[in-house]
Amino acid sequence: MTNRMLTEIPVVYNQLYQTYGCQHWWPAETAFEVMVGAILVQNTAWKNVEKAMLQLEPYLDPVQMFHLPIEKLEQLIRSSGFFRIKARRLHAFLTWFKNYDFKMEQLHCQDTYLLRNQLLAINGIGPETADSILLYALHRPVFVIDAYTRRIFKRLGFDLPKKYQDLRYLFEAALVKDVQLYNEYHALIVQHAKVHCKVKPICPTCPLLDRCEQNVGS
Ligand code: SF4
């Protein structure tokens, strides 16, 4: 099964890329915005994050955001849902970033393994958020696994490892270690889950129909 998955992962990528093309991720202007967006998108749709980012626009600077009263931060990110929890997560993240003088250049000097462990030690930052920050803001070659990845590959017929880390290693073993490839693949998975492999999948027009063991019609 693992061997088949190692072979299929690149094939699925090619198929998705041919169908949907380049996704131009992450939708943000700066690396700091990517990091903030990665925290705000937890348990919500991206459109809600966009509304919060608009409110945050005048404060999209780490020093300024760090000094915002927590109640103000809560109000600014209200549309992203779970806003009280997320305001505290953002503040915890900014407290960590302060150790690097709020400078991206200082983060860029650090080892990926160390950064990942530090991010995971921040309250409310799990593996998916940490890896999104590492890949999309810091351009490190770590594959981001999310619920869409599990949904699609399970439906394709694979018995997936339960642990986040094990599934991530599987993708990284199957692919060339390349930041742009990991960036594009994760974005394509999200696109496929939105267009075809939804909760109720639209199988007849799916580009993966021929290789899917679980196409369920629509
Ligand atoms: S055929 Fe259906 S279940 Fe399989 S990947 Fe496509 S949309 Fe998902």
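These are my notebook entries on a predicted model, ordered by what I looked up.

**Helix H9**

I began with the burial of H9. Of its 11 residues, 9 are buried, so the helix is largely enclosed by the rest of the structure. I listed the buried ones as Thr-129, Ala-130, Asp-131, Ser-132, Ile-133, Leu-134, Leu-135, Tyr-136 and Ala-137. Next I asked what covers the buried residues of H9. The cover includes H2, H6, H7 (104-108), H8 (112-120), H11 and H12 (179-195).

I took Thr-129 as one residue of H9 to follow up. Its relative accessibility is 7%, which counts as buried. Setting aside neighbours within four places in sequence, I found Thr-129 in contact with Ala-38, Ile-39 and Gln-42.

**H2 against H6**

I then looked at how helix H2 (residues 31-40) meets helix H6 (residues 83-98). Their axes come within 10 Å and cross at roughly 145°. The crossing is right-handed. On the H2 side I noted Phe-32, Met-35, Val-36, Ile-39 and Leu-40, and on the H6 side Lys-86, Arg-89, Leu-90, Phe-93, Leu-94 and Phe-97. I sorted the residues of this contact into 9 nonpolar, no polar and 2 charged. Ile-39 belongs to this contact and also turned up among the contacts of Thr-129.

**Aromatic rings**

How many aromatic pairs are there? I get 19. I picked out Phe-143 and Phe-171, a stacked pair with centres 4.6 Å apart and 20° between the planes. Phe-143 sits in the loop between H9 (127-137) and H10 (147-155), and Phe-171 in H11 (residues 164-174), so the pair ties together parts that are 28 residues apart in sequence. I checked both for burial: Phe-143 is buried at 0% relative accessibility, and Phe-171 is buried with a relative accessible area of 0%. Both rings belong to one aromatic cluster, which I wrote down as Tyr-13, Tyr-17, Phe-143, Phe-153, Phe-158, Phe-171, Tyr-182 and Tyr-185.

**Backbone exceptions**

I went through the backbone next. Most residues other than glycine have a negative phi, and most peptide bonds are trans. I noted the following against that background.

- Trp-25 and Trp-26 are joined by a cis peptide bond, with omega about -5°. I placed Trp-26 in the loop between H1 (2-20) and H2.
- Asn-43 is not a glycine, yet has a positive phi of about 55°. I found Asn-43 in the loop between H2 and H3, exposed, with a relative accessible area of 66%.
- Phe-102, not a glycine either, has a positive phi of about 55°. I located Phe-102 in the loop between H6 and H7, buried, with a relative accessible area of 14%.
- His-139, just after H9, takes a positive phi of about 55°.

**Cysteines**

I searched the whole structure for disulfides and found 0. Is Cys-109 buried or exposed? Cys-109 is exposed, its relative accessible area being 66%. Cys-197 is buried, at 9%.

**Lys-47**

My last entry is on Lys-47, in helix H3 (residues 46-56). Lys-47 counts as exposed, at 54% relative accessibility; the cut-off for exposed is over 50%. I also looked up its separation from Ser-80: the two are 33 residues apart along the chain, with C-alpha atoms separated by 8.5 Å.

Definitions and conventions: Residues numbered from 1 in each chain as written. Predicted model: local features only at pLDDT ≥ 70, side-chain atom pairs only at ≥ 80, totals over all residues. Heavy atoms only, no water. Disulfide = S-S within 2.5 Å. Buried < 20%, exposed > 50% of the residue type's maximum accessible area, 1.4 Å probe, protein only. Axes fitted to C-alpha atoms, helices over the stretch in contact; angles between N-to-C directions. Helix = DSSP H or I, 4+ residues; strand = E, 2+ residues; numbered from the N terminus. Left-handed = near helix turned anticlockwise from the far one by under 90°. Contact = heavy atoms within 4.5 Å. Nonpolar A, V, L, I, M, F, W, Y, C, P; charged D, E, K, R; others polar. Phe/Tyr/Trp six-rings, centres within 6.5 Å; stacked < 30°, edge-to-face > 60°.
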